[in-house]
Amino acid sequence: MSQLSISPEPSPEPKASPLVSVSGLAKSFGDHTVLRSIDFDVAPGSVTVLIGPSGSGKTTVLRSLNALDVADAGRVRIGDVEVDFSDGPVTKKQIATLRAQSGMVFQAHHLFPHLTVLENVTSGPVLAQRRSRAEADAEGRELLRVVGLGDRADAYPYQLSGGQQQRVGIARALAVRPKLMLFDEPTSALDPELVGEVLTVMKDLAAQGWTMVVVTHEIRFAQQVADQVLFMDGGVVVERGTPEQVLTRPGTERARQFLHRIL
Ligand code: ADP
């Protein structure tokens, strides 16, 4: 994989302040409380993996970081952008500013079917960020090389495999030059033989120093790549630690049972 020119910020000092801080994050849908009070930090250049049973609130955490869901209470800080959801209603501008800090890769790719692969990658930079078409095209082609699809720029999404489509989704998320990359079960909708190519791209991004928060059931990926693992259940973070601590020697019965079920 070629090195990305829009590389993330240089690797942090060990004591660098967190790139992401989440505190007291709470969210309900109607009378269903989905997040109770979530706190965690993400160091720059690190990979955080969220695991836990279906319905435990993992996706809602990611969507709150990206302001696709608007939290009811708590604070989210990404870099120098901070939104306090406890301060009353947040403005559209605050939501847009927070959203612009991260790029998100979804379970299914959500590519525009009528646009080419390159146009899918450049639509964010050109339309939302008003960057020049020439610059966006050059960077988009480079991003496609980074995800191993340099020769498919002019193809349409239907001409690609599911794994290739997800890799376009990754290139598209990178194209807006985010500080943080969010991955919501990016391999769970793929046929098993296509999972590896997506995980390989994610490992390469981690190795290049991208700060990533990943929801996944791919425990081997978490063991190999995560700096911290958060185990969620019932809208709270039940355990946090290194992969060794949480995945190999979980401290709670809930985490032990979950891991037993999926391993
Ligand atoms: P996970 O990612 O751990 O599977 P989610 O964050 O997707 O969990 O969902 C947590 C809970 O919130 C689930 O019970 C889900 O049904 C509910 N939920 C998520 N989004 C919405 C929504 N837009 N409206 C109502 N309920 C929702």
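## A tour from helix 9 to the ligand

Begin by selecting Arg-256, which is found in helix 9, residues 253-262; helices here are DSSP runs of H or I with at least four residues, strands are runs of E with at least two, and both are numbered from the N terminus. What you have open is a predicted model, in which local features need pLDDT of at least 70 and side-chain atom pairs count only at pLDDT 80 or more, while totals for chains, interfaces and linings use all residues. Residues are numbered from 1 along each chain as its sequence is written, and side-chain values use heavy atoms, with hydrogens and water left out.

Stay with Arg-256 and colour it by accessibility: because its relative accessibility is 38%, Arg-256 counts as partly exposed, a class that lies between buried (under 20% relative accessible area) and exposed (over 50%), using a 1.4 Å probe and protein chains only. Now add Ser-86 to the selection and draw a distance, since the C-alpha atoms of Arg-256 and Ser-86 are separated by 34 Å, with these positions 170 residues apart along the chain.

**The whole chain**

Zoom out to the full protein chain, which has nine helices and ten strands and whose C-alpha trace spans about 50 × 45 × 40 Å along its principal axes. The radius of gyration of the chain is 18 Å, which agrees with the value near 18 Å for a compact globule of 263 residues; this radius is taken over C-alpha atoms, and the globule rule is 2.2 Å times the number of residues to the power 0.38. Of the 263 residues, 53% count as buried.

Next select residues 20-259, which an unreviewed UniProt entry annotates as "domain: ABC transporter"; such annotations may be inferred rather than shown by experiment, and the positions are given in the numbering used here. Over this range the chain is 38% helix and 26% strand, and the end C-alpha atoms are 27 Å apart.

**Three loops**

Move to Arg-130, in the loop between helix 3 (117-128) and helix 4, where phi is positive, about 55 degrees, although the residue is not a glycine. Arg-130 is exposed, with a relative accessible area of 71%.

Then select Tyr-156, placed in the loop between helix 4 (133-146) and helix 5 (162-174); at 31% relative accessibility, Tyr-156 is partly exposed. Its C-alpha atom is 9.0 Å from that of Leu-118, a residue 38 positions away along the chain.

Continue to Arg-177, in the loop between helix 5 and strand 7 (180-184). Phi of Arg-177 is also a positive value, near 55 degrees, in a residue other than glycine, and with 43% relative accessibility Arg-177 counts as partly exposed.

**The ligand**

Finally, centre the view on the ligand and show its surroundings, which include Phe-29, His-32, Val-34, Lys-58 and Thr-60, a residue being near when one of its heavy atoms lies within 4 Å. The shell divides into three nonpolar, seven polar and one charged residue, where Ala, Val, Leu, Ile, Met, Phe, Trp, Tyr, Cys and Pro count as nonpolar, Asp, Glu, Lys and Arg as charged, and the others, Gly among them, as polar.

Which distance separates a polar backbone atom of Thr-59 from an oxygen atom of the ligand? It is 2.8 Å, while a polar backbone atom of Gly-57 is 3.0 Å from a ligand oxygen atom. Taken alone the ligand exposes 560 Å², of which the protein buries 61%, with areas from the Shrake-Rupley method and a 1.4 Å probe. Two elements, strand 2 (32-42) and helix 1 (58-65), give two or more residues to the shell, and helix 1 provides the largest share, three residues.

Conventions. Polar contact = N/O pair within 3.5 Å; in protein donor to acceptor, adjacent residues only side chain to side chain.
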